Amino acid sequence: MTVFSSRLLHYSSLIPLRQTRVLVRRTLATRAAMDSIKVHNSLKPGPPVPFTPIEKGKISWYACGPTVYDQSHLGHARNYVSTDIIRRIMLHYYGFDVKFVMNFTDIDDKIILKARRQRLLEIEKNKKYTEAELTELGMAAFRAYAKSNLPKLLEGNDGPLDPNNYTPRKDAAYGKVLAGGTITGEGKPGDDEAKLKMHINNMTSATSAIGGDQLFLGAEEILLPYFDSLYKESLDTSDQTIFTSLTQFMENEFTNDMDALNVLRPDVVTRVTEYVPQIASFVERVVEKGFAYEAEGSVYFDIAAFEKAGNTYARLRPESRNDKALQEEGEGSLGKSLGGKRGPSDFALWKKSKPGEPFWPSKWGNGRPGWHIECSVMASDVLGSRMDLHSGGIDLAFPHHDNELAQSEAYFCEHGHEHTWVNYFLHMGHLSISGSKMSKSLKNFQTIKDALASTYTARSMRIVFLHGKWNDGVEITPSMRTQADSWEAVVNNFFTNVKSLLVEANDPTGPIKNGVEKLSVAENKPAEGLLSDLEQAKKDVNAALDNSFDTPQVLRVIADIIRKANIHIGAPNGNIELSAIESIARWVTKIVGILGLDANASPPYEGLGWASPAALADVDPTTAIKPYEAVYNSVLSDAKSLGLPASESWSNLLSQSPAAEFDSLVAAGAKDPEQLGLPYLRATSKIRDELRRLVPSVSPELKKSILSLSDRIRDFDLTNIGVYLDDRPDGQPSLIKFIPAADLIAAREEKAAKEAEKAKAKEEARMAREKAEAEKWEKAKVAPEDMFKNDERYSEWDAEGMPTKLKDGSEVSKGQLKKLKKEWDRQKKVHGEYLTKFGAS
């Protein structure tokens with residue numbers, strides 16, 4: 001057995017005992033921590049309240065899922081990533097057994113409109129239109145859209161609205177809003193202004209399409225509602241694939257987006273289309289209990305009857321209960337024509353289906369579920385009559401969640417006794433852009449796919465959200481992005497540096513003093529120094545998570561403990577407490593894993609640093625190390641060809657074989673490609689270190705070759721396979737750091753670009769100096785007697801070439817002569833310098 005493998009087994013033998021003790025401590029800590037959690041509960045406004053689950057150690061949780069009619073955007077990411085963070089904390093920090101249920105809303109007014117309009121648009125595209133007919137169609141849709149959404153555009157004395165007078169009318173009617181003002185002239189712009197701008201954008205896009213052959217491309221947003229108004233009743237909606245083809249596609253898109261964001265999948269997924277019979281039965285019972293009534297084929301919840309029975313309506317947002325705009329939004333745009341309500345705030349449990357809408361049978365005739373009822377039925381079916389947690393975006397609080405509470409409590413309550421359906425309501429703050437919430441309906445969103453393809457990674461997006469409290473609104477600003485990027489860089493660099501120190505400590509050919517023996521942590525030793533700082537950090541993180549999952553504070557604690565560790569690593573005495581540094585790195589790894597920042601890691605997150613995706617792949621070890629082996633063989637060959645003077649140390653380096661150390665790692669069960677490649681990387685690094693050491697003692701020609709090879713090894717050979725050699729002073733060996741190849745290559749290219757820019761600027765400055773120098777001597781070449789002779793302002797000169805008369809024959813004034821004499825004297829001086837430097841020509 002080699003020295004390395006014996007050390008490896010010695011270290012491994014410590015792990016089971018340590019893990020056992022850690023698991024015991026974790027279990028005890030979890031039981032205590034479960035009783036100390038406080039959460040912001042929307043049912044009890046104010047400071048966080050103690051969290052007490054219905055069943056100790058278990059959590060029943062229902063989350064409102066998306067309405068699947070369009071691509072998911074950053075607003076959805078804010079909601080579902082924040083929910084995922086809390087869920088992960090409950091699961092992997094506190095150790096709760098969490099049953100997490102989420103729905104997909106696949107019956108909804110927005111879905112009906114989107115699917116129906118898309119089908120009608122497809123039908124219209126297949127029709128044969130003349131150019132004149134297309135123009136007429138575009139104008140009709142253009143004016144109809146303006147009438148419904150921008151009626152001020154129809155006001156004017158220059159004839160009917162058309163693309164020619166659209167712009168001046170738009171500027172006159174809505175210029176102040178477009179310039180950043182509000183519709184009322186007071187306050188700050190919000191959702192109403194964002195909606196108005198959306199409609200203007202749709203109209204503006206249509207103006208260039210009308211009258212051309214691009215009508216169905218540029219004017220789609222105004223054509224869709226127009227076709228719907230004309231032909232919606234012509235569709236056969238007994239064929240529900242009109243709607244399900246859209247919802248099934250968008251559900252899959254949403255799921256893929258959540259996977260890309262490292263959001264855990266729900267334990268149970270429900271869909272409205274799979275629950276329609278249960279929803280109808282649920283509504284029947286609410287009617288039977290006197291809390292709902294049928295009117296014109298629809299069923300409405302009777303708020304007055306509910307409150308008369310001793311129940312409370314709008315417990316989440318009592319101040320919004322009479323907000324007509326929110327009520328109408330909750331009922332949906334297709335419900336405006338439904339009638340028969342007893343009270344203006346009563347809301348639909350079951351809607352009579354009109355022509356052009358999907359339908360299901362019920363005792364009240366063909367219809368479909370109202371929006372709010374779906375969650376009551378599905379959540380209760382899976383979780384029962386009472387649950388611990390219900391969550392969703394803050395914009396759902398009223399009327400959606402308040403109506404959910406009312407109809408569920410109506411279903412389960414006994415008369416005279418209120419029923420508690422939800423113990424804790426968690427509402428995620430929404431994401432806003434320029435004061436407006438990001439939403440599909442306002443079309444002011446960036447899709448998750450676009451964001452991940454351009455400006456974010458899943459990790460960087462999650463870090464942005466972690467920097468804000470889950471229940472606060474978030475407006476992403478450049479400073480917030482900078483703060484998040486800086487925090488991520490601090491963690492990345494810390495993990496990289498600690499790993500490199502451990503790689504050096506585990507070098508089987510290096511001194512034992514920094515070896516793995518120092519990595520074991522004495523369980524009974526009092527914490528001091530960095531270990532004391534670590535214990536305090538653990539307490540601070542626990543306190544932050546207990547305080548309604550205060551993730552901004554958690555990130556601050558992590559940054560602070562890393563700062564202290566970095567100070568210790570950089571201390572001039574060079575005496576590093578490697579075991580303490582490793583303990584800090586492993587604890588940080590665990591916390592960032594719990595927060596969902598490492599998509600390649602799995603609980604209980606016992607590793608160190610970001611998990612390597614390659615380590616998860618079952619790759620043959622010999623295949624895994626090929627890039628490292630290839631670099632080593634290339635460097636070895638090039639080093640031998642240098643023809644360096646023979647020495648014992650150099651000969652030993654050239655004759656070393658990393659293969660034996662690699663075989664020992666394979667025999668010990670190592671699978672991580674980075675770990676398997678270390679023997680070859682160490683050998684490569686040592687050859688380079690020795691080359692650099694020899695530089696002062698070799699000839700200038702050989703020195704140039706050595707430095708060129710040394711730079712190539714670091715900047716190209718290793719960079720291209722994701723390895724960075726951190727050169728250190730005073731003859732210390734370079735540290736081996738694993739950094740994504742893309743990052744290293746980008747840094748190399750950025751450095752090269754800066755150097756090229758610097759060289760370009762230097763060359764431009766040189767050329768400017770040469771040009772100025774040439775112009776200076778060209779001017780100095782002229783004798784002072786001749787400098788004014790070609791000046792058209794003068795007609796006579798004296799013997800020294802000084803002007804005496806102007807062009808019109810008048811005398812040159814004394815003041816002018818004084819100025820000209822100064823110029824003459826300067827020219828005489830520089831001309832003398834010219835003659836001295838170049839001689840008379």
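The exercises below walk through salt bridges, a surface patch and a pair of strands in one predicted model.

Residues are numbered from 1 along each chain as its sequence is written, and side-chain values use heavy atoms, with hydrogens and water left out. Since the model is predicted, local features need pLDDT of at least 70 and side-chain atom pairs count only at pLDDT 80 or more, while totals for chains, interfaces and linings use all residues.

**Exercise 1. Find which helices are joined by the salt bridge of D228 and R117, and state how covered each residue is.**

Step 1: A salt bridge is a side-chain nitrogen of Lys or Arg within 4 Å of a carboxyl oxygen of Asp or Glu, and the side chains of D228 and R117 meet in one at 3.8 Å, N to O.

Step 2: D228 lies in helix α8 (residues 220-231) and R117 in helix α3 (residues 109-125), so the pair ties together parts that are 111 residues apart in sequence; helices here are DSSP runs of H or I with at least four residues, strands are runs of E with at least two, and both are numbered from the N terminus.

Step 3: With buried meaning under 20% relative accessible area, exposed over 50% and partly exposed in between (1.4 Å probe, protein chains only), D228 is buried at 4%, whereas R117 is partly exposed at 24%.

**Exercise 2. Work out how E770 and R766 are placed in helix α28.**

Step 1: The side chains of E770 and R766 form a salt bridge of 2.3 Å, N to O.

Step 2: Both belong to helix α28 (residues 741-780), where they are 4 residues apart and therefore separated by about one helical turn.

Step 3: E770 is partly exposed, with a relative accessible area of 44%, and R766 is partly exposed as well, with 31%.

Step 4: A search of the whole structure finds 46 salt bridges, and a network of salt bridges links R688, R692, D711, R714, D715 and D727.

**Exercise 3. Determine whether strands β10 and β11 run parallel or antiparallel, and whether β11 is covered.**

Step 1: Strands pair if DSSP finds at least two bridges between them, and 6 bridges join β10 (residues 387-393) to β11, the two running parallel.

Step 2: One of the bridge partners can be named, for G392 is matched with H427 in β11.

Step 3: Strand β11 (residues 422-428) is mostly covered, as 7 of its 7 residues are buried.

**Exercise 4. Locate D798 in the chain and state its accessibility.**

Step 1: D798 lies in the loop between β16 (794-797) and β17 (803-806).

Step 2: The residue D798 is partly exposed, with a relative accessible area of 34%.
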